[in-house]
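Trainee: I have a protein model open, and I am not sure how to read it. Please take me through it feature by feature.

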Amino acid sequence: MTTGLSCAGTLAADDGSFPTADQVGGEVFPEGLKHGAVFPADIKLVNEKGEEQTLGDVLNGKRTLLVFFISAAPASVEELGKIDKFAADNKGDTQIIFANADTVGVALLGGGSVAIPETVRTINLIKQEKALTQPMFVAPNNVFDANGLSNRLGFRGLPTSYLIAADGKVEKQYVGTREWKPGDI
């Protein structure tokens with residue numbers, strides 16, 4: 001698993017800059033997953049205990065709302081609380097998973113070697129402070145790599161939520177915050 005923020009010897013992204021199209025394989029805003037596309041099950045996730053899993057292991061053939069968020073943005077974190085409450089009030093068979101797709105800021109704490117452990121610590125703090133009940137993960141994302149999570153899935157705005165059917169296909173995609181209502185999940 002790559003946790004550093006560099007791209008094949010072409011740049012050192014510790015300066016916080018956004019990648020150019022050339023740096024990520026030609027597209028700054030790739031098209032992304034569409035309705036009916038198979039969601040990549042090989043995506044690496046790190047659970048609340050710091051253990052690495054694949055998304056396929058977590059999905060386990062269950063209908064899932066996968067919510068990618070950014071811990072540094074209050075609106076993104078607040079969305080987790082809204083979804084958690086909505087799920088509690090609207091019992092259903094859809095599992096909900098929160099995944100922090102951002103490790104920005106860890107350079108100040110020691111660089112790439114602490115990116116995942118510090119982000120695991122952050123998701124645990126968020127879960128405790130917001131009293132969230134849904135499982136939380138770190139979804140390592142390197143925006144400077146054409147195969148990085150956000151480039152591979154084609155999302156830029158966080159939160160971004162994918163409703164994934166039991167067969168692994170994308171049913172719906174939601175970008176940004178929203179007022180959740182029956183039928184969304």
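**Reading the model step by step**

Mentor: Start with one residue. A131 has a relative accessibility of 55%, so it counts as exposed. The cut-off for exposed is over 50%. Keep in mind that this is a predicted model.

Trainee: Where does A131 lie?

Mentor: Look at the loop between helix 3 and strand 7; A131 is there. Check its backbone too. The phi of A131 is positive, about 55°, although the residue is not a glycine.

Trainee: Which residue in the loop between helix 1 and strand 5 should I look at next?

Mentor: Go to N60, which sits in that loop. N60 is not a glycine, yet its phi is positive at about 50°. N60 counts as exposed because its relative accessibility is 54%.

Trainee: Now the whole chain. How many helices and strands does it have?

Mentor: Count four helices and nine strands. Then read their order from the N terminus: β-β-β-β-α-β-α-β-α-β-α-β-β.

Trainee: What share of the chain is buried?

Mentor: The chain has 185 residues, and 42% of them count as buried. Its accessible surface is about 9200 Å². Carbon and sulfur atoms account for 52% of that surface.

Trainee: What do the contacts say about residues far apart in sequence?

Mentor: Take the contacts between residues at least 6 apart in sequence. Of these, 66% join residues at least 24 apart.

Trainee: How do I read a helix? Let me try helix 2.

Mentor: Begin with its length. Helix 2 covers residues 74–89, which is 16 residues. From first C-alpha to last, helix 2 reaches 23 Å, close to the expected 22 Å.

Trainee: Which residues of helix 2 are buried?

Mentor: First, the general idea. An α-helix has 3.6 residues a turn, so residues three or four places apart point the same way. Now the case here. The buried residues of helix 2 are S76, V77, E79, L80, I83, D84, F86 and A87.

Trainee: What covers them?

Mentor: The cover includes strands 5, 6, 7 and 8, along with helix 3.

Trainee: Strand 5 is on that list. Which residue there is worth a look?

Mentor: Take F69, which lies in strand 5. With a relative accessibility of 0%, F69 counts as buried, because the cut-off is under 20%.

Trainee: What does F69 touch beyond its sequence neighbours?

Mentor: Leave out residues within four places. Among the contacts of F69 are then S76 and L80, both of which are buried residues of helix 2. F69 also contacts D102 and P159, to name two others. The C-alphas of F69 and D102 are 7.6 Å apart in space, though 33 residues separate them in sequence.

Trainee: What is special about the bond before P159?

Mentor: The peptide bond joining L158 and P159 is cis, with omega about 10°. P159 itself is in the loop between helix 4 and strand 8.

Trainee: How do I read a loop residue such as Q134? Is it buried or exposed?

Mentor: Being in a loop does not settle it, so check the number. Q134 is in the loop between helix 3 and strand 7. At 14% relative accessibility, Q134 counts as buried. Its side chain makes a polar contact of 3.2 Å with the side chain of T133. Beyond four places in sequence, Q134 touches residues including D84 and A87.

Trainee: Next, rings. How many aromatic pairs are there?

Mentor: The structure holds four. One of them is F39 with Y162. Their ring centres are 5.0 Å apart, and 70° lies between the planes, so the pair is edge-to-face, since the cut-off is over 60 degrees.

Trainee: Where do the two partners sit?

Mentor: F39 is in the loop between strands 2 and 3, and Y162 is in strand 8. That puts them 123 residues apart, so the pair links distant parts of the chain. F39 counts as buried at 2% relative accessibility. Y162 is buried too, at 0%.

Trainee: Which cluster do these rings belong to?

Mentor: F39 and Y162 join F68 and F155 in one aromatic cluster.

Trainee: What lies over the face of W180?

Mentor: R178 does, at 5.2 Å from the ring centre. W180 is buried, and so is Y174.

Methods: Residues are numbered from 1 along each chain as its sequence is written. This is a predicted model: local features need pLDDT of at least 70, side-chain atom pairs count only at pLDDT 80 or more; totals for chains, interfaces and linings use all residues. Side-chain values use heavy atoms; hydrogens and water are left out. Rings of Phe, Tyr and Trp (its six-membered ring) pair if their centres lie within 6.5 Å; planes under 30 degrees apart count as stacked, over 60 as edge-to-face and the rest as tilted. Helices (H or I, at least four residues) and strands (E, at least two) are DSSP runs, numbered from the N terminus. Buried means under 20% relative accessible area, exposed over 50%, partly exposed in between (1.4 Å probe, protein chains only). A charge sits over a ring if NZ of Lys or CZ of Arg is within 6 Å of the ring centre and within 35 degrees of the ring normal. Contact means heavy atoms within 4.5 Å. Accessible areas come from the Shrake-Rupley method with a 1.4 Å probe; for residues, only the protein chains shown count as cover. The expected span of a helix is 1.5 Å times one less than its number of residues. A polar contact is a pair of N or O atoms within 3.5 Å; within protein, one must be able to donate a hydrogen and the other to accept it, and residues adjacent in sequence count only if both atoms are side-chain atoms.
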